[in-house]
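Before turning to the particulars, a student and a tutor agree to go slowly and to settle each term as it comes up.

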Amino acid sequence: MNANIHGSNLILKTVLEVRDLTVSYGKVEALSNANIKVGEGQIVTVIGPNGAGKTTMLSAIMGLLESRGKVDFDGTIEGVPVVERMVARGMNLVPEKRELFGEMTVEDNLVLGAFQRHRSGHRDHAQTMEEVYQLFPRLRERRSQLAGTLSGGERQMLAVGRALMAKPKLLMLDEPSLGLAPLIVREIFRIIGELRRRGVSILLVEQNARAALQVADYAYVLETGEIAMEGPARQLADDPRVIEAYLGLGGKHQEMLST
Amino acid sequence: MDFQIALLLGQDGITNGAIYALLALALVLVFAVTRVIFIPQGEFVSYGALTLVMIQAGAIPATVWLLLGAGLLAAALDVRLALRAGQPGRLVRLVGWYVAYPLVLVALLYTLPVKDFPMIAQILFALAVVVPMGPLMYRLIYQPIAAAPVLVLLIVSVAVHVAMVGLGLLFFGAEGSRTPPFSDARFEMGPVMVSGQTIWVVVSSLVLIVALYQFFERTLYGKALRATAINRVGARLMGISPALAGRLTFFLAALIGALSGVLIAPITTIYYDTGFLIGLKGFVAAIVGGLGSYPLAAAGALLVGLLEAFSSFWASAHKEVIVFTLIIPVLLWRSLRGRHVEEEE
């Protein structure tokens, strides 16, 4: 992988382009005029503190929240995104709360991940499931267990695996490392890197800025509802303002864990 | 009371209980998926039974006009939406289902000598008229207010129920009717005679329950409905739209209702408003299961059926009172034992 190719945001075909996206809760603007771009095969991360509007942004792009602005996904502009339509067009969100089907088995959760694909006539979920199991061997062991009985890390794996069942063009991950033990976080980020190798474009929202900047090609910093900074991830990781606000001083073991 | 009477009453109780079980399952299903407390469930029982009566009398069932009217309305709404969303491809399919389907039914009912058809064909015609009203009802009434609080949905359900009873009076008149039994066979079981229709009711209910179970456990659409009931947001993220889940649920509820009506029409006289009381007893059974558990709801239905049968022997004037009073200890027990759960959303 050549860092230059992924670092530049210009040469690639754009999968997602969000223009002037604004979300208001009543009179409060939670997100104002956000502009972001995700190129094909890229990992783009949005980092920022709690309450900056990261989850709001993903929910609005997906159509879970009402918004103003334009979402150009895969060459078609959506004025008002509708969740089911976005899923049908190849966008998938792994939400912060995972939103698993707790009283159903791991395997049923995965099968439902391919619901929209199945409806549009692609009956290949058995094969996709095999790929997901190869990526997450742990899920295969737990296939007949109820999703509600899984550990935190397994739940996250299941949430990602379920989203992958739809064979998305763009995978949006909301805080995939939230509440997980460091070793599991490392595993999750390893898999995010692996997914890019398989050609999935990823929009990653993270509080764990260090790990996110390490895996991503391009990054945005979101602060109080506005994009404060953007640039190639490596560049941002060296930016003194980012270091001061999000990375802090050197925690060596953190760095090890996130590679 | 001697043993033979007890057996007879027990047989009655089980027969009615089987029907209440079906209705209770439908109520639990509708509530779990859409949060609607489906008061009009019983109306589908009357509509199903009386539509069959009209077909057997050689008349064009008035319900088919309701279906056509609702279809036209839904088509108007959806065609506008499809045009605005720029998906003209969907138009053909929409118009086909909403308008052409009822028209074809009308044409068939006018031209074919349905009156002289075997009973099974007449039943299929009755179901073909009544069952599509379920998804249409969801589309026209509940889908626009799908995000409303449970209480609003309940109030709307009461309104729909009243409207349907009124329309029922208009369609079928105030006279009660019965249909001939599916079979005239009688079986001797020890000291009691069991009628063929009783067996039909119990066996059909069991078959339907097993079929529903298989549907929810084995098929993708069944799993999608369960997923919607468990986690609505999660289901939407998989592309399972609440509208699709709602229509499918209401289809099942209408099917269960209409089929129950067809099953009991040979046993009891059905009036335009009979369904309400039957539906309410299904509701009592569903409450026993906390509107959440299918097996408990089915057990509750059996309990309601037996209680009704035996109280009709001892205190026949008060049998309804006794059955509906059952709800008070159940609610007390549930609210004292269960922990209070905040309403979601």
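The exchange below takes up the interface, the cores and several single residues in turn.

Student: What kind of model is this, and how are residues and chains labelled?
Tutor: This is a predicted model, in which local features need pLDDT of at least 70 and side-chain atom pairs count only at pLDDT 80 or more, while totals for chains, interfaces and linings use all residues. Side-chain values use heavy atoms, with hydrogens and water left out, residues are numbered from 1 along each chain as its sequence is written, and chains are lettered from A and ligands numbered from 1 in the order in which they are written.

Student: How many residues of chain A are in contact with chain B, and how many of chain B with chain A?
Tutor: Contact here means heavy atoms within 4.5 Å. By that rule the two sides of the interface are counted separately, and the result is 24 residues of chain A and 20 residues of chain B.

Student: Which three residues supply the most of the area that chain A buries against chain B?
Tutor: Buried area is the accessible area, taken with a 1.4 Å probe, that two parts lose on being put together, summed over both. Chain A and chain B bury about 2,100 Å² between them, and 67% of it lies on carbon and sulfur atoms. On the side of chain A, 29% of the area comes from three residues, more than from any other three, and they are Glu84(A), Phe101(A) and Phe115(A).

Student: What is the distance between the closest N and O atoms in the salt bridge of Asp108(A) with Lys223(B)?
Tutor: A salt bridge is counted when a side-chain nitrogen of Lys or Arg lies within 4 Å of a carboxyl oxygen of Asp or Glu. The rule finds two salt bridges across the interface of chain A and chain B. In the one that joins Asp108(A) to Lys223(B), the closest N and O atoms are apart by 2.9 Å.

Student: Which helices and strands of chain A each supply at least two residues of the side that touches chain B?
Tutor: Helices (H or I, at least four residues) and strands (E, at least two) are DSSP runs, numbered from the N terminus. On the side of chain A that touches chain B, the elements that each supply at least two residues are helix H3 (83-88), strand S6 (91-94), helix H4 (106-113) and helix H5 (115-119).

Student: Which helix gives the largest share of the largest nonpolar core?
Tutor: A nonpolar core is a set of buried Ala, Val, Leu, Ile, Met, Phe, Trp, Tyr and Cys residues joined through side-chain atoms within 4.5 Å, where buried means under 20% relative accessible area, exposed over 50%, and partly exposed in between (1.4 Å probe, protein chains only). The largest core has 95 residues, and those with the most contacts inside it are Phe38(B), Phe44(B), Met137(B), Tyr142(B) and Phe250(B). Its largest share, 13 residues, comes from helix H1 (residues 3-34) of chain B.

Student: Is Thr228(B) buried or exposed?
Tutor: Thr228(B) belongs to helix H9 (residues 220-230) of chain B, and, leaving aside residues up to four places away in sequence, Thr228(B) touches Val33(B), Ala235(B), Ile240(B) and Ala245(B). Thr228(B) and Val33(B) are 195 residues apart in sequence, yet their C-alpha atoms are 5.9 Å apart in space. Because the relative accessibility of Thr228(B) is 3%, this residue counts as buried.

Student: What is the relative accessible area of Ala245(B)?
Tutor: Ala245(B) has its place in helix H11 (residues 242-264) of chain B. Not counting residues up to four places away in sequence, Ala245(B) touches Val33(B), Leu225(B) and Thr228(B). Ala245(B) is buried, with a relative accessible area of 3%.

Student: Where is Arg98(A) found, and what is its phi?
Tutor: Arg98(A) counts as buried because its relative accessibility is 9%. Arg98(A) is found in the loop between S6 and H4 of chain A. Its phi is positive in a residue other than glycine, with a value near 65°.

Student: Which residue follows H2(A) and has a positive phi?
Tutor: Eight of the nine residues of helix H2 (residues 54-62) of chain A are buried, so this helix is largely enclosed by the rest of the structure. Among those buried residues are Met57(A), Leu58(A) and Ile61(A). After H2(A) comes a residue whose phi is near 100°, namely Gly63(A).
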